[in-house]
Amino acid sequence: MTTTTTTTTKLICPECQHENESERIYCHSCGARLDRSAVRVQKEPVDDTRKRVKKMFDPHRAKIRILLFAISKLLLGACAVAILIQMVLPPDVPAPAKTMALASQIRFDLENMSTKRQPAQVQYTEEQANAFLSNTLRTKQTALDKPLLEFKRALVAFGESSCTVRTERSLFGYPLYTGCTYGASLAEGNLIVTNKGGSIGRLKIHPKIAQFMGILFADVWSALERDIKLVTRLGGMEFHDKNVVLTAPAP
């Protein structure tokens, strides 16, 4: 037994391109009114029509779609929470550096090496470098503080051929850490820096994204401008595990 039924192979929404059943007047996806001029009349078996209409209004399919949508939202929410937790968790960093007599000597070493080429080479540990940063930036506290963000400290960590720079700031008393890892070298009075990645809290940031994080350290670089200029006048700089070696320029 057959019946004359309005059918079409596809009834495509002109707005969102969703494929709709031929019986629909409005798009099932976006609600836009469908162009039914493309619908043609052809004979279709009654059983096929019943099956097609039943499938279109099957409540189980609607429940499955709702369930999948809910699961997707739950997964996205869980991912967002996990990322947020990683961003606020503090990384493994040393305790604030204590004031060291050697810290104030580092700048004098840099000046003597860049002008008098003496001493020929010096080596500093992370602890010494962080004490130097603490002493230098303490007097720049006002310039480093931002609205709602209180500057606490900057610190470095040395690895083979790399140096990680981190800042600790405080938001309503809660510490927030941002960091970037650099490969750095000196060549003809220029400091050549390569971004190797970054982090926010414990969340790792890809180098292609981390290269835009420099703005987060702009105030620190400005506060250390004098010392950075002294370093660029040196002959060489090598990073090793837990220490850095500076070499005076050649005569």
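A: A pocket is an open set of grid points with protein on both sides within 12 Å along at least five of seven lines. The structure examined here is a predicted model, and the pocket is a suitable place to begin.

Q: What is the volume of the largest pocket, and how many residues line it?

A: Rolling a probe the size of a water molecule over the atoms shows where empty space is left. In this model the largest pocket has a volume of about 720 Å³, and 26 residues form its lining. Those that lie nearest the centre of the pocket are Cys163, Trp221, Ile228, Val231 and Met237.

Q: How do the lining residues of the largest pocket divide into nonpolar, polar and charged, and which element supplies the largest share?

A: The lining of the largest pocket comprises 25 nonpolar residues and one charged residue, with no polar residue. Strand β6 (residues 150-159) gives the largest share of that lining, namely four residues.

Q: How many helices and strands does the protein chain have, and what share of its residues is buried?

A: The protein chain has eight helices and 12 strands. Of its 251 residues, 34% are buried; the cut-off for that class is under 20% relative accessible area. Contacts give a further view of the chain: among those between residues at least 6 apart in sequence, 54% join residues at least 24 apart.

Q: How many salt bridges does the whole structure hold, and which residue pairs with arginine 226?

A: A salt bridge requires a side-chain nitrogen of Lys or Arg within 4 Å of a carboxyl oxygen of Asp or Glu. Searching the whole structure gives eight salt bridges. One of them joins arginine 226 to glutamate 111, with the closest N and O atoms 2.7 Å apart. Because arginine 226 belongs to helix α8 (residues 225-232) and glutamate 111 to helix α3, this pair ties together parts that are 115 residues apart in sequence. Glutamate 111 is partly exposed, its relative accessible area being 23%.

Q: Which salt bridges involve residues of strand β7?

A: Two pairs may be described here. Arginine 153 and glutamate 168 form a salt bridge through their side chains, at 2.7 Å from N to O. Arginine 153 is in strand β6 and glutamate 168 in strand β7 (residues 162-171), so that the pair links distant parts of the chain, 15 residues apart. Arginine 153 is buried, at a relative accessible area of 15%, and glutamate 168 is likewise buried, at 13%.

A salt bridge also joins arginine 169 to aspartate 219, at 3.0 Å from N to O. Since arginine 169 is in strand β7 and aspartate 219 in helix α7 (residues 218-223), the pair ties together parts that are 50 residues apart in sequence. Arginine 169 is buried, with 9% relative accessible area, as is aspartate 219, with 13%.

Q: What is the nearest side chain of opposite charge to aspartate 109, and to glutamate 126?

A: For a buried acidic residue without a salt bridge, one may consult its place, its nearest opposite charge and its contacts. Aspartate 109, in helix α3 (residues 103-115), is buried and has no salt bridge; lysine 116, the nearest side chain of opposite charge, is 11 Å away. Beyond its neighbours within four places in sequence, aspartate 109 is in contact with Gln118 and Tyr124.

Glutamate 126 is in helix α4 (residues 126-138). Glutamate 126, too, is buried and has no salt bridge, and its nearest side chain of opposite charge is lysine 242, 4.0 Å away. With neighbours within four places in sequence left aside, the contacts of glutamate 126 are Val156, Ala157, Phe158 and Lys242.

Q: Where is proline 119, and is the peptide bond that leads to it from glutamine 118 cis or trans?

A: The omega angle is the quantity to read. Between glutamine 118 and proline 119 the peptide bond is cis, with omega near -5°. Proline 119 is in the loop between α3 and β5 (121-125).

Q: What is the phi of leucine 148 and of glutamate 188, and are these residues buried or exposed?

A: The sign of phi is read together with the residue type. Leucine 148 has phi near 70°, a positive value in a residue other than glycine. Leucine 148 lies in the loop between α5 (141-144) and β6 and is exposed, with 59% relative accessible area. Glutamate 188, also a residue other than glycine, has a positive phi near 55°. Glutamate 188 is placed in the loop between β8 (174-187) and β9 (190-200), and its relative accessibility of 82% counts as exposed.

Terms used: Residues numbered from 1 in each chain as written. Predicted model: local features only at pLDDT ≥ 70, side-chain atom pairs only at ≥ 80, totals over all residues. Heavy atoms only, no water. Helix = DSSP H or I, 4+ residues; strand = E, 2+ residues; numbered from the N terminus. Buried < 20%, exposed > 50% of the residue type's maximum accessible area, 1.4 Å probe, protein only. Lys, Arg positive; Asp, Glu negative; His and termini not counted. Contact = heavy atoms within 4.5 Å. 1 Å grid on protein atoms, 1.4 Å probe; cavity = no way out; pocket = protein on both sides within 12 Å on 5 of 7 lines; lining within 4 Å. Points joined across faces, edges and corners; volume = space filled by probe spheres on them. Nonpolar A, V, L, I, M, F, W, Y, C, P; charged D, E, K, R; others polar.
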